[in-house]
Amino acid sequence: MFLHISVFRPLEEILIYRCPPELVKEVSVGKRVIVPLKTQRATGLIIKILDHKEKIKDLEDIKPIIKIIDPYPVMDESLISLCKWASEYYLFPLGMVFKIALSCLPPAKPPYYPARIHSLLETIRGENRQIGLDAPSLTEDQKKAVEIIKGALSRDTFSVYLLHGVTGSGKTEVYIQAVDACNRSGKGAIVLVPEIAITSQLIARFIKRFGEKVAVIHSGLTKGERLSEWLRIKEGKAHILIGVRSAVFTPMDNVGLIVVDEEHESAYKQEEGFKYNARDVAIMRARMINATVILGSATPSLETLHNVHTGKYKYISLPQRINKKPLPPIQIVDLRKRKTDSLLTPELQEAIKKRLCNKEQVLLFLNRRGFSRFILCDDCGYVPPCPNCSVSLVYHKKERKVCCHYCEYKADPPDICPVCRGQNLKALGTGTERIEEELKNLFPDAKILRMDKDTTSKRHAHHFILTSMEKKEAQILIGTQMVTKGLDLPEITLAGVLLADNMLYLPDFRSAERTFQLITQVAGRTGRKDKPGEVIVQTFNPDHYSIAHASRYEFDRFYQFEKAYRKGAGYPPFKRLIRILLKGNRAESVVAGSALFKQLLDKYMDRTKIEVAGPVPAPFHKLRGKHRWHFLLKSQSTRYMRNQLKQVLQAFHMEGIRGVEVEIDVDPLHIL
Ligand SMILES: [Zn+2]
Ligand SMILES: [Zn+2]
């Protein structure tokens with residue numbers, strides 16, 4: 001018996017192995033095996049059992065597999081097909097896709113001994129024991145949405161719905177009822193969320209309603225915990241899976257519904273290694289098994305809206321907040337007119353004071369952690385750079401270090417300027433740490449919490465910060481992006497965006513869209529329950545279209561404007577992109593590699609159909625010690641580009657320039 005095995009290594013080919021007679025009984029597609037590979041052993045997945053009739057070359061050279069790891073298949077045919085598609089689409093080796101898809105499983109030590117369910121899940125489960133709570137009554141819009149989705153579920157055909165609901169319109173309840181309907185028809189449901197830590201409220205609501213039927217998978221769990229949740233799904237004990245992007249590859253039989261919450265979130269895109277977008281993989285998975293997809297968002301991505309307009313996706317709208325609560329008014333504060341350089345402007349201070357007097361809560365968002373943005377020598381203008389990356393170092397006061405936010409580099413802050421020996425070093429620009437300090441001085445009686453990468457490195461730190469806000473132990477929460485998503489705290493009545501421009505001037509064509517989304521999301525955190533909310537957005541560019549439209553909740557007008565820009569400039573969704581990044585330790589090799597790559601692109605690609613920009617140094621031309629150059633390919637379809645790019649990559653690897661890695665990013669979200 002011969003087997004097609006995809007080995008979990010960066011290989012292009014699928015390998016053939018022999019199955020020794022004593023293992024024949026155990027063999028089936030979807031089980032992992034240990035095989036010899038050159039002089040080593042490697043893990044792989046059985047993806048096909050070959051027919052007797054199939055011709056096999058060099059029979060004598062085929063080696064036998066060493067052992068079969070799994071007692072039962074860990075992937076079914078449809079998931080294997082999905083991984084094959086993802087490998088083709090994202091130009092990433094198939095074996096590595098399987099490896100990532102099966103990362104919940106221990107490498108090779110059956111039988112499995114699942115650990116106890118982990119403490120956070122246990123806490124959430126403990127806090128939400130009254131399962132089977134009655135569903136709250138729905139608004140007319142929610143009812144309509146649920147009916148439409150129930151209809152789709154009953155048809156058992158592939159369909160995608162964009163659930164476009166303003167913040168606070170009750171999208172989660174629509175998901176819950178759709179999942180319920182799906183379960184009742186005997187099928188499983190997968191709910192993808194951008195980040196688990198900040199969506200613990202959503203998980204709690206699901207657990208309240210469905211109890212033990214819910215399994216949760218994310219990277220914050222220990223290996224044992226993840227495995228035990230994985231097994232509960234695999235063994236059919238849990239019918240609802242909530243998870244972050246990698247959960248899209250979890251084996252669950254008979255999936256009828258996939259929900260992608262906050263579909264526009266960049267967290268769905270894996271930026272390292274296998275650069276897949278879990279939203280898009282989810283849609284493909286649903287398509288292969290005739291399932292229904294709900295893409296939920298208050299600020300859908302342009303790609304998704306485009307698919308609605310071309311008729312690929314259907315549109316459901318929740319245009320109003322529950323109980324017709326108004327969206328909180330957004331006030332713009334023009335930072336060009338401020339008198340000091342603090343980001344706590346008098347307008348904002350006044351508003352905070354008012355909320356504290358009323359015993360309400362405040363949420364402040366700043367897109368930069370640390371104390372100051374950089375240190376500057378006032379005499380000669382020197383700014384200490386990261387030795388490994390083309391960025392300046394950020395000062396962290398509490399730690400008394402200057403740190404790089406892209407690599408692990410840390411150093412003591414300089415006492416004197418290494419260039420001019422001057423002593424006038426200034427910490428300029430503001431990060432969350434400085435705001436926290438300023439707030440403490442201004443409001444000494446208030447309890448202030450900070451949520452950013454520095455304060456949440458410990459496990460479950462997010463959960464504790466949010467619980468503390470929920471219990472009203474703290475009054476002010478300051479944080480980075482983490483605070484903008486999914487938070488549902490009734491006492492937050494003031495939300496402040498301290499510096500809206502931070503995101504605007506990144507050299508990236510999505511920066512206006514991201515700014516619009518962030519402002520809308522932050523604003524959405526306030527006035528969700530009985531108390532009306534207000535929002536303050538501070539900016540140096542009050543007239544920029546993304547800020548101006550966001551401040552008036554003019555989604556359609558922003559969208560029209562942005563669409564025209566994307567169309568004119570030939571960016572997605574009107575053209576598709578593939579980014580090719582070359583990187584290496586030596587600048588000369590990267591430059592030489594880029595030149596060779598360019599030659600090959602010219603040779604193999606039909607330039608009448610594919611536009612090629614580059615090679616140029618990437619905006620971050622050095623990162624973690626590697627020099628980086630990139631190309632951007634543009635065309636109407638990715639299929640054509642991918643096919644031609646495959647040839648280019650093969651030719652490039654044949655020529656082999658030492659010390660240059662090539663990374664391919666199909667449908668890139670960031671081009672930095
Ligand atoms: Zn100096
Ligand atoms: Zn660095």
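The points below comment on the metal sites, salt bridges, selected helix residues and one surface patch of this predicted model.

1. The zinc ion (ligand 1) is held by four sulfur donors, namely the SG atoms of Cys377, Cys380, Cys417 and Cys420, at 2.2 to 2.4 Å. Because the 4 donor atoms subtend angles of 104 to 112 degrees around this zinc ion, the arrangement is tetrahedral. Along the chain, the donor residues of the zinc ion (ligand 1) are spaced C-x2-C-x36-C-x2-C. Two of these donors can be described by their accessibility: Cys377 is buried, with a relative accessible area of 1%, whereas Cys380 is partly exposed at 38%.

2. The zinc ion (ligand 2) has as its protein donors the SG atoms of Cys386, Cys389, Cys404 and Cys407, which lie 2.2 to 2.4 Å from the metal. The site of this zinc ion is tetrahedral, with angles of 102 to 113 degrees among its 4 donor atoms, and its donors follow the spacing C-x2-C-x14-C-x2-C in sequence. Within this set, Cys389 and Cys407 link distant parts of the chain, being 18 residues apart: Cys389 belongs to the loop between strand E15 (374–377) and strand E16 (394–396), and Cys407 to the loop between strand E17 (401–403) and strand E18 (410–411). Cys389 is buried at 3% relative accessibility, and Cys407 is likewise buried, at 11%.

3. The structure holds 45 salt bridges, and the one between the side chains of Glu534 and Lys354, at 3.9 Å from N to O, deserves a look in the model. This pair links distant parts of the chain, with Glu534 in strand E23 (residues 534–539) and Lys354 in helix H10 (residues 346–357), 180 residues apart. Glu534 is buried, having a relative accessible area of 15%, while Lys354 counts as partly exposed at 47%. Both residues also belong to a network of salt bridges that links Lys354, Arg355, Glu360 and Glu534.

4. Two further salt bridges involve buried partners. The side chains of Asp452 and Arg450 meet at 2.9 Å, N to O; Asp452 is buried, with a relative accessible area of 0%, and Arg450 is buried at 9%. In the other, Arg514 pairs with Asp508, their closest N and O atoms being 3.7 Å apart, and both of these residues are buried.

5. Glu173, in helix H5 (residues 171–184), is a buried acidic residue with a relative accessible area of 4%. Its contacts, when neighbours within four places in sequence are left aside, are Ala135, Pro136, Leu138, Gln142, Arg205 and Arg209.

6. Val146 is part of helix H4 (residues 140–155) and is buried, with a relative accessibility of 3%. Not counting residues up to four places away in sequence, Val146 touches Leu138, Val174 and Gln177. The C-alpha atoms of Val146 and Val179 are 10.0 Å apart in space, and the two residues are separated by 33 residues in sequence.

7. On the surface, Met1, Val24 and Ile49 make a nonpolar patch of about 200 Å². Of these residues, Val24 lies in the loop between strand E2 (15–18) and strand E3 (32–37), and at 33% relative accessibility Val24 counts as partly exposed.

Terms used
Residues numbered from 1 in each chain as written. Chains lettered and ligands numbered in written order. Predicted model: local features only at pLDDT ≥ 70, side-chain atom pairs only at ≥ 80, totals over all residues. Heavy atoms only, no water. Donors = N, O, S within 2.8 Å, 3.2 Å for Na, K, Ca; no water. Tetrahedral: all angles 85-135°; square planar, octahedral: opposite > 155°, others 65-115°. Buried < 20%, exposed > 50% of the residue type's maximum accessible area, 1.4 Å probe, protein only. Patch = residues over 30% accessible without salt bridge, like charges linked within 9 Å, V, L, I, M, F, W, Y side chains within 5 Å. Areas by Shrake-Rupley, 256 points an atom, 1.4 Å probe, with all protein chains shown as cover. Salt bridge = Lys/Arg side-chain N within 4 Å of Asp/Glu carboxyl O. Helix = DSSP H or I, 4+ residues; strand = E, 2+ residues; numbered from the N terminus. Contact = heavy atoms within 4.5 Å.
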